[in-house]
Amino acid sequence: MAEPLHRPVLCSEVVRIFGPQPGKVYVDATVGLGGHTQALLEAENELTIVAIDRDEEALKIAAERLSPFGKRVHLIHGNYSDIREHLAHLGIEKIAGFLLDLGLSSLQLDSAARGFSFRWDGPLDMRMDTSQGLTAADLVNKASEKELSHILRDYGEERFAQRIARAILASRMKSPIDTTQALAEVVRGAIPKRFHPKRIDPATRTFQALRIAVNQELLNLKQGLEAGFQALETGGVMAAISFHSLEDRIIKQFFRYKALSCTCPPDFPVCVCDKQVEAEILTRKPIRPSSEEITKNPRARSAKLRAALKVI
């Protein structure tokens with residue numbers, strides 16, 4: 001059953017931020033196993049939710065979990081960056097809320113066959129949408145040293161990116177690196193032991209970087225934030241939960257830009273940009289999980305929730 005596997009992060013905080021209203025349409029752009037959607041539907045019995053996810057396996061579980069709500073839920077297999085097309089297909093013009101939960105689900109992390117984690121040995125896959133072509137194994141075994149270094153440095157913030165890339169190339173010359181354990185061992189061996197982090201496995205940043213690259217997560221985030229914001233009605237709310245600094249930085253900068261009244265250089269005598277304030281930031285600092293929530297769900301510890309209100 002999905003329920004014991006899935007604890008939606010910052011769930012009560014999400015419901016409070018949105019303040020669900022009757023008759024309105026909300027979008028759960030990364031529905032996963034359906035926890036946030038269920039909470040919103042239970043909070044207000046006259047709202048509709050468009051629930052999107054790239055992971056077909058997760059959608060099947062979400063469909064079962066959300067079946068009691070009937071036609072109040074529209075489940076869509078797709079990318080949230082295509083939100084305009086999804087809404088147009090449903091005949092929906094504007095929405096009252098747009099939610100992003102960018103974390104991996106327990107279903108993904110705990111499945112060896114999906115290849116997201118080095119905790120279990122499995123195929124080096126990492127695709128959120130298993131119908132797409134590119135896998136992590138493809139990148140690891142075909143990308144150049146320069147490409148791998150770029151991915152590890154820019155998406156994993158890995159200081160030993162070049163060393164790891166060289167080690168990957170040396171290893172794959174002997175035999176393909178096609179399992180999670182094989183890659184993890186290469187990475188651990190490439191990083192000097194005195195620099196192994198104390199709190200996380202040395203392979204963590206490499207796995208994060210490859211997952212982001214395989215799924216084009218940062219590009220989707222940038223496109224999805226803008227598309228989702230444009231779909232909001234005036235007074236609508238956008239909320240996003242991130243789990244690492246790259247995502248959080250993009251979200252924070254997006255909200256700050258939308259809240260600016262002018263983007264002209266400081267030395268300009270008058271404003272010539274005609275920038276309007278488009279949003280009010282609702283979270284001056286990101287909302288973090290309570291110690292109680294982290295105790296119940298350790299995977300929530302790095303979560304940050306930011307939100308903004310569309311004002312025009």
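**Salt bridges in a predicted model**

Both Glu278 and Lys258 are buried, where buried means under 20% relative accessible area, exposed over 50% and partly exposed in between (1.4 Å probe, protein chains only). This is a predicted model, in which local features need pLDDT of at least 70 and side-chain atom pairs count only at pLDDT 80 or more, while totals for chains, interfaces and linings use all residues. Residues are numbered from 1 along each chain as its sequence is written, and side-chain values use heavy atoms, with hydrogens and water left out.

**Exercise 1.** Find which residues are joined with Lys258 into one network by salt bridges that share partners.

*Solution.* Begin with the criterion, a side-chain nitrogen of Lys or Arg within 4 Å of a carboxyl oxygen of Asp or Glu. Next, take the pair Glu278 and Lys258, whose side chains meet at 3.3 Å, N to O. Glu278 lies in the loop between α13 and β6 (279-281), and Lys258 in helix α13, 20 residues apart. Finally, shared partners join Glu226, Lys258, Lys275 and Glu278 into one network.

**Exercise 2.** Locate the salt bridge between Glu226 and Lys258, and state how accessible each partner is.

*Solution.* The N to O distance is 3.1 Å. This pair links distant parts of the chain, with Glu226 in helix α12 (residues 217-231) and Lys258 in helix α13 (residues 245-259), 32 residues apart; helices (H or I, at least four residues) and strands (E, at least two) are DSSP runs, numbered from the N terminus. Glu226 is partly exposed at 28% relative accessibility, whereas Lys258 is buried at 4%.
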